[in-house]
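Please look through the sequence and the structure shown here before reading on. The paragraphs that follow lead from one aromatic residue outward to its surroundings, and then to the strands and to the confidence of the model.

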Amino acid sequence: MSMRRYRSVFALLCVMFGALPVAAGEDAAETLVSTAVVGLRGGFDSSPTNSKGEKGSPTLTGFVSWNYLRGTVQDGYGLDLLLVDTQYDPRQLAASRQNMLTLKHAMGIGDKLTLQSSLAAENEQTWSRRRRSLAWRERLNLSLGAFRLFANAEARLSALNERNVFAYGDFLPQDENLATLGITPGIAWRQGDTEIGVSFMASRTRFTNGTDYLGLRRDNYRLQPNLFVSTALKGATFEASLSPLQIIFPDKEFENEKTLLYTAKIRVPYEWLTLDLSSGRTVEDTTLPFAVINLVTQHEGKLTARFNETNALSLSVRQKLEDYLGLDATTRTSSIGLDYARGLGGGMTATASAAWRRTKDTGLEAVPAFMVQLGLQKQLDFSEPGKGAKKGG
């Protein structure tokens with residue numbers, strides 16, 4: 001399916017979403033939450049593509065985010081918008097862009113049953129990766145006292161194209177187009193600030209091109225049980241999940257994969273300090289030769305010191321490992337950074353950041369790099385307090 005058809009489907013679904021809230025929210029008490037952030041950051045990156053011998057480039061990033069919600073998450077509608085554009089020296093590197101738009105609608109079906117719908121469009125363009133996707137999600141939630149039953153269904157269309165950085169390769173002549181259908185039923189128990197639950201995801205991913213540029217079929221099935229937990233104690237919060245994933249290739253042109261995915265996050269505030277620790281392993285689709293799955297493992301530690309209401313300083317340490325299963329190739333990136341933010345009043349915030357990173361690709365030399373940036377951003381709040389909506393006579 002071409003991206004022109006994606007856009008036609010997206011336009012039709014936007015019209016449908018625009019009609020839903022009128023009927024769903026006529027008799028409800030409504031609140032309006034509408035906040036936006038507009039910002040600009042400029043600086044210098046000594047190696048934007050993490051390549052050996054590369055010249056540095058000035059950078060200029062503009063970004064806009066907008067979160068809108070009328071009603072509530074359980075009975076209302078809204079949208080999330082993110083636009084990020086980073087310009088480099090055009091003689092060295094084309095601009096990078098990340099655009100995301102999510103339309104949301106939720107409605108109560110009786111006292112204990114809710115239906116949540118969303119339509120999400122994403123566009124990512126970087127020097128090494130091009131990805132566009134359109135995803136439709138439906139979620140049913142049934143509350144039974146301390147228990148919650150839920151079922152998710154998702155349909156996604158994606159166009160993906162990646163540069164083979166291990167062989168200094170270029171983009172593919174045409175994108176790989178993927179269609180994914182998945183369903184995830186589950187149950188959770190909640191008591192106070194603690195929730196424990198289990199779910200099971202089953203999905204099929206089909207490459208609509210038929211075969212890739214090497215003549216291989218990449219279609220696959222995925223089975224993923226999941227155990228998750230979250231809790232809070234004395235201001236500290238913790239959440240984690242554990243998911244054994246099985247990927248099955250029915251055409252036998254790739255090896256079936258079994259791997260353990262997980263997430264873990266903890267936040268510990270202490271007086272004017274806050275410690276955030278996170279670790280996770282996820283999978284991504286890839287178009288690299290002889291690889292369908294990119295196994296991504298990330299660890300991060302962040303210590304934030306908030307000296308007063310207007311000054312905050314953060315120290316971050318990160319490590320990311322990308323393992324292209326079947327290709328025997330990995331990318332390991334380690335970084336350390338400092339971020340300073342100062343509130344200027346009226347929703348204005350000035351920022352300054354500096355970071356050092358090291359990237360090592362299989363078969364290539366490790367590349368160190370640094371980046372410095374100064375920024376200014378403005379937060380806008382258009383929210384309105386809740387009020388009873390007019391009811392018909």
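**Around Phe249**

Leaving aside residues up to four places away in sequence, Phe249 touches Arg218, Asp219, Asn220, Phe254, Glu255, Asn256 and Val292. These contacts, like everything described here, are read from a predicted model. One of these neighbours, Phe254, forms an aromatic pair with Phe249, and the two rings are tilted, with 5.5 Å from centre to centre and 40 degrees between their planes. The structure holds 6 aromatic pairs, and in the pair of Phe249 and Phe254 both residues are buried.

Phe249 and Phe254 also belong to the largest nonpolar core, which has 13 residues and in which Ile247, Phe249, Phe254, Val292 and Ile293 have the most contacts. Two or more residues of this core come from each of strand E11 (236-248) and strand E14 (293-306). In soluble globular proteins, nonpolar side chains tend to be buried together.

Aromatic rings also meet charged groups elsewhere in the model. The charged end of Arg130 sits over the ring of Phe171, at 3.8 Å from the ring centre, while the charged end of Arg139 sits over the ring of Phe150, at 4.7 Å from the ring centre.

The strands offer another route through the structure. Ser65 lies in strand E2, which spans residues 57-71, and, when residues up to four places away in sequence are not counted, Ser65 touches Thr35, Ala36, Val37, Leu81 and Leu82. Is Ser65 buried or exposed? Ser65 counts as buried because its relative accessible area is 18%, and the cut-off for buried is under 20%.

Further along the chain, strand E3 (residues 76-87) and strand E4 (residues 96-109) run antiparallel and are joined by 11 bridges, and among the residues involved, Asp85 has Arg97 in E4 as its bridge partner. E4 also pairs in the antiparallel sense with strand E5 (residues 113-125), over 13 bridges, where Leu101 stands opposite Ala121 in E5. E4 and E5 form a hairpin with 3 residues between them, and Gly110 in the turn has a positive phi of about 85 degrees.

How far the details can be trusted depends on the part of the chain in view. The protein chain averages a pLDDT of 90, and 90% of the residues score at least 70. Over residues 1-28, however, the pLDDT is below 50, and this stretch has 36 contacts in the model beyond near neighbours in sequence; over residues 388-393 the pLDDT is also below 50, with 6 such contacts. Where pLDDT is low, the predicted coordinates should not be read in detail.

Definitions and conventions. Residues numbered from 1 in each chain as written. Predicted model: local features only at pLDDT ≥ 70, side-chain atom pairs only at ≥ 80, totals over all residues. Heavy atoms only, no water. Phe/Tyr/Trp six-rings, centres within 6.5 Å; stacked < 30°, edge-to-face > 60°. Buried < 20%, exposed > 50% of the residue type's maximum accessible area, 1.4 Å probe, protein only. Lys NZ or Arg CZ within 6 Å of the ring centre and 35° of its normal. Helix = DSSP H or I, 4+ residues; strand = E, 2+ residues; numbered from the N terminus. Contact = heavy atoms within 4.5 Å. Core = buried A, V, L, I, M, F, W, Y, C linked by side-chain atoms within 4.5 Å. pLDDT = per-residue confidence, 0-100. Pairing = 2+ DSSP bridges.
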